Every structure is written in structure tokens, then in C-alpha cells.
Amino acid sequence: MQADITLPANAGIAPPRPTWLVRDLRSDHAGETGAVWIYKAILAISRDAEVRAFATRHLETEQRHLAEMEVWVPAHQRSRLLPVWCVAGFMTGAIPALLGREWVFHTIEAVETFVDRHYAEQVERLAGMPAFADLRDLMETCRLDECEHRDEAAESVTSPGGPLLRAWAAIVGTGSAMAVEIVRRV
Ligand SMILES: [Fe+2]
Ligand SMILES: [Fe+2]
């Protein structure tokens, strides 16, 4: 006679991930890598105490996000272009850090506005998939942190910025979207 036991869907084994989820996670791992380098660059360049305190706090959060992603995304599923994302992240932090605090805060607001949407779409895709509830929780936790980063940056700006700064923020937003499209494939 067979015992009537109901096990949770993912008891003891990790369920195989659909390709779209592997791609989503690759983009998250690469994104968190880039985020770490954005703040490293800001700290390497800026001498502004307020900017440094902001970047120090955010770097700590991004390092935690990256460590979590490293647990969940096995090495063979990570982007083969990671060095590129490190350089891209570094440039995204270094250029505004050279130009002053308004540039830094506008840049972070643009990046995190994109990242919020990026995570929100993934959380949405995982709705109703209990086998991946832990991944969904991780993405949602990261998303909420990124929203805090975005809001803190938005509260720190003191002007809407000139045309050059607004153009840069737009480039950062579209550049992030393009990077995700590439990283989903490589
Ligand atoms: Fe993050
Ligand atoms: Fe962030």
C-alpha cells in the first residue's frame, strides 16, 4: 500500500529552469556585477563626502545582491561577457563622478528606474509558479532595494539638470536596456 504523502513541488531537488528564466537570471547576475562596479568607480573618483557616503551604502547592498545571485546562478549560466559589464559599469559610475554630484544622482536615478522595471517584469513572469517562489522572492527583495536607491538618488538631486545631463541619463537608460538584450543571449 502506498503512503499518501504530499511533497512540496521542489522538495529536495531544484526544478529544471526554462530557458527564459536562465536568461533572466543571467541578466540579473550581470546587472548586479555592473552595479557593484558603478559604485566602485564613484568611490575611486569622487571626493564629495555626501556622494561617497551614498555610494558606500549602495555598494554594500549591491555586493549583497551579487553574492545572492552567485549562489543562484551557476558559473556556466553566467554571461560570457562579464568583463565587458564590469567596464560598462565602471564607466557608468566614473563619468558622472568626474562631473559632480548632480551627475551621480541623476545617473543612479536613471539606472535604478530601469532596474526596477527589469525586476518587476521578471517577478510578474514568475507569478503563479510555486516551483520558483524562492527566486521570485529574491528578485522582489532586490527590486525593493533598487527602488530605495532610485528614491534616495531622486531626493538628492537639486535641479532637473541641463540638456547634456538629461541626454546622458537617457543614454544610461537605453544603454541598460540594450545591455540586457545582449546579456540574455551571451
Ligand atoms: Fe542590485
Ligand atoms: Fe541598486
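Q: Before we look at helix H1, what counts as buried here?
A: A residue is buried if 20 or more other C-beta atoms, placed from the backbone, lie within 10 Å of its own, exposed if 12 or fewer do, and partly exposed in between. This is a predicted model, in which local features need pLDDT of at least 70 and side-chain atom pairs count only at pLDDT 80 or more, while totals for chains, interfaces and linings use all residues. Residues are numbered from 1 along each chain as its sequence is written, with chains lettered from A and ligands numbered from 1 in the order in which they are written.

Q: OK, so why is H1 largely enclosed?
A: Of its 27 residues, 19 are buried, so the rest of the structure largely encloses H1. Helices here are DSSP runs (H or I, at least four residues), numbered from the N terminus.

Q: And how far does H1 reach?
A: H1, residues 19-45, reaches 39 Å from its first C-alpha to its last, close to the 39 Å expected (1.5 Å times one less than its number of residues).

Q: Switching to H5, which residues are buried there?
A: Leu135, Leu138, Met139, Cys142, Glu146, His149 and Ala153 are buried in H5, a helix of 24 residues running from 133 to 156.

Q: What do they pack against?
A: The buried residues of H5 pack against H1, helix H2 (49-72) and helix H4 (101-125), where contact requires C-beta atoms, placed from the backbone, within 7 Å.

Q: Where does Met91 sit, then?
A: Met91 belongs to helix H3, residues 82-99, and is partly exposed, with 15 other C-beta atoms within 10 Å. Although Met91 and Ile42 are 49 residues apart in sequence, their C-alpha atoms are 9.4 Å apart in space.

Key: Helix = DSSP H or I, 4+ residues; strand = E, 2+ residues; numbered from the N terminus. Contact = placed C-beta atoms within 7 Å.
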